[in-house]
Amino acid sequence: MGRLGANNGYRSYGLQVTTYGSHVRSQGQAEADAGSARPGHSEHQTGLALDVVACGTGCGGLDGFGATAQSDWVAAHAWEYGFIVRYEQVGTPVTGYAPEPWHLRYVGVDLAAAYHEGGFHTLEEFFGLPAAPDYAH
């Protein structure tokens, strides 16, 4: 299967300002909003999110993660350790984010098991919240 590496964990507000601003400058506002949280809205700022990468002889980047054995393993087993894959393809209309198979959200072992067993794909649906594709508007 290979190994996993941590790419991003906790991100301060200031770092999120820099990260989001970089995305806006390189991709424009709409694309940035689909792939990066505005400052104050990032799950990384809570300390409960982690981005992972596939590692072998070296570690790859985020963009290539979805096509790896490590990504398949994470999708099948992260819940056993209290994590969910937060942004899946099927959830984009609900979350407003493009798929991020590398973005894990810690919810705890019990909630992750209920999420998995219930066949959920977004926290919004799991908690009975409305869709939030335009969270910042």
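This is a short walk through one predicted model, going from the strands and the core to the helices, the disulfide and a few single residues.

I'll start with strand S3, residues 83-87. Four of its five residues are buried, so the strand is largely enclosed by the rest of the structure. Its partner is strand S4, residues 100-106, and the two run antiparallel, paired over four bridges. If you want a place to look, find Tyr-87, which stands opposite Glu-100 of S4.

Next, the core. Which residues make up the largest nonpolar core? There are eight: Val-52, Ala-54, Phe-65, Val-74, Ala-78, Val-85, Trp-102 and Leu-104. S2 and S4 are the elements that give two or more residues to this core. As a reminder, side chains in a regular strand alternate between the two faces of the sheet.

Trp-102 is worth a moment. Setting aside neighbours within four places in sequence, Trp-102 is in contact with Leu-50, Asp-51 and Val-52, and also with Leu-62, Asp-63 and Phe-65. Two of those names, Val-52 and Phe-65, you have just heard as members of the core. There is also a second, separate core of six residues, including Val-107, Ala-112, Leu-123 and Phe-126.

Ala-112 takes us to helix H5, residues 109-117. The buried residues of this helix are Ala-112, Ala-113 and Tyr-115. They cover an arc of only 160 degrees around the axis, which puts them on the same side of H5. What do they pack against? The answer is S3 and helix H6, residues 123-126. On the other side of H5, Asp-110 and Glu-117 are exposed. After the helix comes Gly-119, with a positive phi near 70 degrees.

Now the disulfide. The structure holds one, formed by Cys-55 and Cys-59, with the sulfur atoms 2.0 Å apart. The torsion about the S-S bond is about 100 degrees, so this disulfide is right-handed. Is each cysteine buried or exposed? Cys-55 counts as buried because its relative accessibility is 4%. Cys-59, at 52%, counts as exposed.

From Cys-59 we can go to Ser-26, which sits in helix H1, residues 13-27. The two are 33 residues apart along the chain, and their C-alpha atoms are separated by 24 Å. Ser-26 has a relative accessibility of 59%, so it counts as exposed.

Another serine, Ser-71, is in helix H3, residues 69-77. At 7% relative accessibility, Ser-71 counts as buried. Beyond its neighbours within four places in sequence, Ser-71 is in contact with Phe-65, Gly-66 and Pro-101. Phe-65 we met before, as one of the contacts of Trp-102. Measuring from C-alpha to C-alpha in the model, Ser-71 is 27 Å from Leu-129, with their positions 58 residues apart in sequence.

The last stop is Arg-38, in the loop between helix H2, residues 29-35, and strand S2, residues 49-55. Is this arginine buried or exposed? Its relative accessibility is 18%, and the cut-off for buried is under 20%, so Arg-38 counts as buried. Its side chain has a polar contact of 3.1 Å with the side chain of Tyr-20.

To recap, S3 is largely enclosed, the buried residues of H5 lie on the same side of that helix, and the disulfide joins a buried cysteine, Cys-55, to an exposed one, Cys-59. That is what I have; please go ahead with questions.

Key:
Residues are numbered from 1 along each chain as its sequence is written. This is a predicted model: local features need pLDDT of at least 70, side-chain atom pairs count only at pLDDT 80 or more; totals for chains, interfaces and linings use all residues. Side-chain values use heavy atoms; hydrogens and water are left out. Buried means under 20% relative accessible area, exposed over 50%, partly exposed in between (1.4 Å probe, protein chains only). A polar contact is a pair of N or O atoms within 3.5 Å; within protein, one must be able to donate a hydrogen and the other to accept it, and residues adjacent in sequence count only if both atoms are side-chain atoms. Two strands pair if DSSP finds at least two bridges between them. A disulfide is a pair of cysteine sulfur atoms within 2.5 Å. A nonpolar core is a set of buried Ala, Val, Leu, Ile, Met, Phe, Trp, Tyr and Cys residues joined through side-chain atoms within 4.5 Å. Contact means heavy atoms within 4.5 Å. The arc is that of the directions from the helix axis to the C-beta atoms.
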